[in-house]
Amino acid sequence: MTISSSTEAGDAVTDAAAEPEAASTEMKKKELVDLVVTRSGIKKKDAKPVVEAMLAVLGESIAEGREMNLQPFGKLRINRTVEKHNGRITVCKLRQSTNTASDTTALAETAQDG
């Protein structure tokens, strides 16, 4: 059961923690690489190091507390970070544009043309 509510600005808010998700909704690195290969048309051996480097850069940026504006992914803002004995907990806000589907399609078409 997903709980949705509205803010004063009229934005819909969904409480994902209220609904237990199936394990299949979690994306692993292998699936991400496969999707990048499918969408871009490049070979898996070429895509994998790029995806791994990108994930490393994103992880380092989040650890440094940097805000990111990476469209069509969205705008990520760090709300708070808590250091624990076994790692760091970072609470982020990710705002995504509703126009991302058309942007992604245009990027894929451009990659295929080039």
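This report describes the fold, the salt bridges and the surface patches of a predicted model.

## Overall make-up

The protein chain has 114 residues, and 10% of them count as buried. Its secondary structure comes to 3 helices and 5 strands. Along the sequence these elements follow the pattern β-β-α-α-β-β-β-α.

## The β4–β5 hairpin

Strands β4 and β5 form a hairpin, with 2 residues between them. The two strands pair in the antiparallel sense, and the pairing runs over 9 bridges. One of the bridge partnerships joins Arg-80 to Val-91, the latter in β5. In a regular strand, side chains alternate between the two faces of the sheet.

A salt bridge also involves Glu-83 and Arg-88, whose side chains meet at 2.8 Å, N to O. Glu-83 is exposed, because its relative accessible area of 54% is over the 50% cut-off. Arg-88 has 43% relative accessibility and so counts as partly exposed.

## The positive patch

Lys-75, Arg-77, Lys-93 and Arg-95 form a positive patch on the surface. The elements that give two or more residues to this patch are β4, residues 74–84, and β5, residues 87–95. The hairpin described above is formed by these strands, β4 and β5.

Lys-75 is found in strand β4. Its relative accessibility is 44%, so Lys-75 counts as partly exposed. That value is over the 30% that a patch residue needs, and Lys-75 can therefore belong to the patch.

## Salt bridges around helix α1

A search of the whole structure finds 5 salt bridges. Side chains of opposite charge can pair when their charged atoms come close.

Asp-34 forms a salt bridge with Lys-30, and the closest N and O atoms are 3.1 Å apart. Both residues lie in helix α1, which covers residues 29–40. Asp-34 and Lys-30 are 4 residues apart, about one turn of the helix. Lys-30 has 57% relative accessibility and therefore counts as exposed. Asp-34 is partly exposed, because its relative accessible area of 27% lies between the cut-offs of 20% and 50%. Lys-30 and Asp-34 are also linked with Lys-44 in a network of salt bridges.

Another salt bridge joins Glu-26 and Lys-28, with 2.9 Å between the closest N and O atoms. Lys-28 has a relative accessible area of 51%, so this residue is exposed.

## The nonpolar patch

What forms the nonpolar patch on the surface? The patch consists of Leu-70, Phe-73 and Leu-94, which together have about 250 Å² of accessible area.

Leu-70 lies in strand β3, which spans residues 68–70. With 36% relative accessibility, Leu-70 counts as partly exposed. Because patch residues need over 30% relative accessible area, the value for Leu-70 meets that condition.

## Summary

The chain contains 3 helices and 5 strands. Strands β4 and β5 pair in the antiparallel sense, and each gives two or more residues to the positive patch. Among the salt bridges are those of Asp-34 with Lys-30, Glu-26 with Lys-28, and Glu-83 with Arg-88. A nonpolar patch on the surface is formed by Leu-70, Phe-73 and Leu-94.

Note on methods:
Residues numbered from 1 in each chain as written. Predicted model: local features only at pLDDT ≥ 70, side-chain atom pairs only at ≥ 80, totals over all residues. Heavy atoms only, no water. Patch = residues over 30% accessible without salt bridge, like charges linked within 9 Å, V, L, I, M, F, W, Y side chains within 5 Å. Areas by Shrake-Rupley, 256 points an atom, 1.4 Å probe, with all protein chains shown as cover. Salt bridge = Lys/Arg side-chain N within 4 Å of Asp/Glu carboxyl O. Lys, Arg positive; Asp, Glu negative; His and termini not counted. Charge placed at Lys NZ, Arg CZ, Asp CG, Glu CD. Buried < 20%, exposed > 50% of the residue type's maximum accessible area, 1.4 Å probe, protein only. Pairing = 2+ DSSP bridges.
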